[in-house]
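Hi,

Here is the structure I promised to pass on. Have a look at it first, and my notes follow below.

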Amino acid sequence: MSIPAIESIYLPTLAWIAKVETMTATEKFFTVELPRGQSLGHKPGQFVQISLNGIGEAPISISSSPSRSNGKFEMCVRKVGDVTGALHNLSEGAQIGVRGPYGRGFPVEQFEGRDILVAAGGLSLAPVRSVINQIFDNRKKYGRFIILYGAKNPGELLFAEERDDWKKRNDVEYLETVDKGTPEWAGNVGVITTLFPKISVNPRNTVAITEGPPIMYRFVLMELLGKGIPEDQIWVSLERRMKCGVGKCGHCQLDHFYCCQNGPSFSYAEIKGVMEAL
Amino acid sequence: MSLKIINKPDLMPFVSSMMGEYQVIGPVENDIGFKFATLTDASQVRLNYNTTVIPPRKALLPTQETLFSFQKDTLAPAFDMKWRVLLGVHTCDLHAMCMLDEAFARGQPDTHYMKRRATTTIVSMECLDPCDENSFCKSMNTLTATSGFDLHLIQLGEFYAVDVGTTAGEALLANHAKSHDATREEIALLDKTMSQKWAKFPVRLKLDGKDLPALMGISYKSPLWEEVGKRCFGCGSCNIVCPTCYCFDVRDEVAMDGKSGERYRIWDSCQLDEFARIGSGENFRKTHAQRLRHRFMRKGKYIAEAFPGQQGCVGCGRCARACLVDITPVGVWNSLHEAHA
């Protein structure tokens, strides 16, 4: 009796940190290089499990768009736990493990021909950036492009260079705000919902993508629905405790959904009325 | 496939013979009742056991299992390479294993489970009497089984009828047991025994198990969750003794050298406070009521809907026996049913 050779689905691929940049007091931005120049092959909105031997794994959103992969991917990591804390101590050249990509991303192909409205809060600009750059790199396929971004204070605003570029571009309408300003801050002050009266959309032809802390969804969804955007054209990404990434371990379950498989991207129509969703 | 007969005196030699080739895991007696354990002597097996505290799923999904070991830059996957026979599995647990097979094979197959399952031969066992007042297998339609086993034993006085379910079972029987084809009289006795058995088992749920998904679908907002939640300690015993629970945590352990170690998975419980908590501290099921509702939704609705033909609860009664504050599936489901009746 012989047993055929098998692979473990939990075995990470060994990869390298190609670049580390400090973004804020709690966030670092990592560029990860996969072996043999292989591409991650992800879709915008998917995530990976980052593994450090002896410490564990953490689900991290992919911040780079597939259109700019080139054998590398990027991720923005907030220092909140054991794995993310240890990642913050690593420097360029360090080896890490990667599993994935996992989950269902945003179906950007389905959005072609539509106006796109992105509303991101706080750290969520990092995962949403994978969609934003995918759209910029395929700009002709989409209609109007509006980005709304809010953070707690000016120090927590991410991707300064890219935001400067958005402000200059004429193919995107970009608005940003902070909950609490500083003496130097000359921009909008107020939560992200204060930006909505400043924009007008053609609701039937608009796809909205929103990502933020759980508390933000309730209010942003009211704004989007209030503008008349249909429920199946509003997309969110839900954060849960993805542990195995393959729909087995149960930690990310949300009603009958496994967030790591059925999500993390969901249309509002799919999760409307699901008690534990929002 | 076919019906064979093993005479009672030939059963122990059958077990002994299998032990020569396989790790044989079967019910044995301990100080608090029975448990599934690797036999070291055929005489240890107690095929007339009523139930076990921990279900035999531990043979397919061990309480703790190494996924891979690491040594500096190298990772080595770990697989259990034993061939085993799981002996004396009751039909409630057999139905649960069929569900586990589906859950681990679905989507990206769990290679660790699949490997262990592929090297496990299941010899199940018909219950002829109810185990105690907590089981409700008749309501859950798990009182017997027509598939899922390799061999299935039914004790008929001085002999065992053996239902052959697969070619692996047929080979196991041919290689290790002295058996003969069932005679007309033996088949008649089997028929009579099965008919008599049916009446001995009570119907304990006020609805059929097949209607649980519908009942649960209208019970999200029931006040019962808060009421029962107030009693629940959130200890997780219900999950640990459940044959259909399969959630796990993944952890790392580093050896004394500080360099090598392993990543392993370990049984987990959705009733524990931190189960749905994420890195930022947000907990998506903060209260006992939310966590209890989640468990009952999984048992009564989510699993049955995700895996058509399978059940999230098999009516074994283990969680009712284990609960320190008498929260029972029969009690919960009957209350919900009455509230809507």
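One definition before the details: two strands count as paired if DSSP finds at least two bridges between them. Also keep in mind that this is a predicted model. The predictor gives the complex an ipTM of 0.91 and a pTM of 0.94. For chain B, the average pLDDT is 95, and 100% of the residues score at least 70.

I'll begin with the strand pair that this definition serves. In chain B, strand E8 (residues 151–156) and strand E9 (residues 159–164) run antiparallel and are joined by six bridges. Within that pairing, Leu151(B) has Val164(B) in E9(B) as its bridge partner.

Both strands belong to an open sheet of eight strands with mixed pairing, in the order E3-E2-E6-E7-E8-E9-E1-E10 (chain B). Strand E3 (33–38) and strand E10 (180–181) of chain B are at the edges with a single partner strand each, so one side of each has no neighbour in the sheet.

Two helices to look at here: H2(B) packs on the sheet and touches strand E6 (84–90) and strand E7 (120–125) of chain B, its direction making about 125° with that of E6(B). Helix H5 (residues 184–200) of chain B also packs on the sheet, touching strand E1 (2–7), E8 and E9 of chain B, and its direction makes about 85° with that of E8(B).

Now the interior. The largest nonpolar core has 84 residues, and Leu151(B) is among those with the most contacts inside it, as are Val24(B), Leu86(B), Leu100(B), Val123(B) and Val162(B). Helix H2 (residues 91–105) of chain B supplies the largest share of this core, nine residues. Domain 1 (2–200) and domain 2 (209–340) of chain B both contribute residues, so the core lies between them. A separate core of 72 residues includes Val32(A), Leu123(A), Tyr217(A) and Ile234(A).

Back to Leu151(B): beyond its neighbours within four places in sequence, its contacts are Val123(B), Val162(B), Val164(B), Gly165(B), Gly169(B), Leu172(B) and Leu173(B).

Chain B also has an open sheet of four strands, antiparallel, in the order E5-E4-E12-E11. Its edges are strand E5 (74–77) and strand E11 (248–254) of chain B, each with a single partner strand, so each has one side without a neighbour in the sheet. The twist averages 25° from one strand to the next. Seven bridges link strand E4 (residues 64–71) and strand E12 (residues 260–267) of chain B in the antiparallel sense, and Gln71(B) stands opposite Ser260(B) in E12(B).

Cheers

Definitions and conventions
Residues numbered from 1 in each chain as written. Chains lettered and ligands numbered in written order. Predicted model: local features only at pLDDT ≥ 70, side-chain atom pairs only at ≥ 80, totals over all residues. Core = buried A, V, L, I, M, F, W, Y, C linked by C-beta atoms within 7 Å. Buried ≥ 20, exposed ≤ 12 C-beta atoms within 10 Å, placed from the backbone. Domains from an automatic or database assignment. Contact = placed C-beta atoms within 7 Å. pLDDT = per-residue confidence, 0-100. Axes fitted to C-alpha atoms, helices over the stretch in contact; angles between N-to-C directions.
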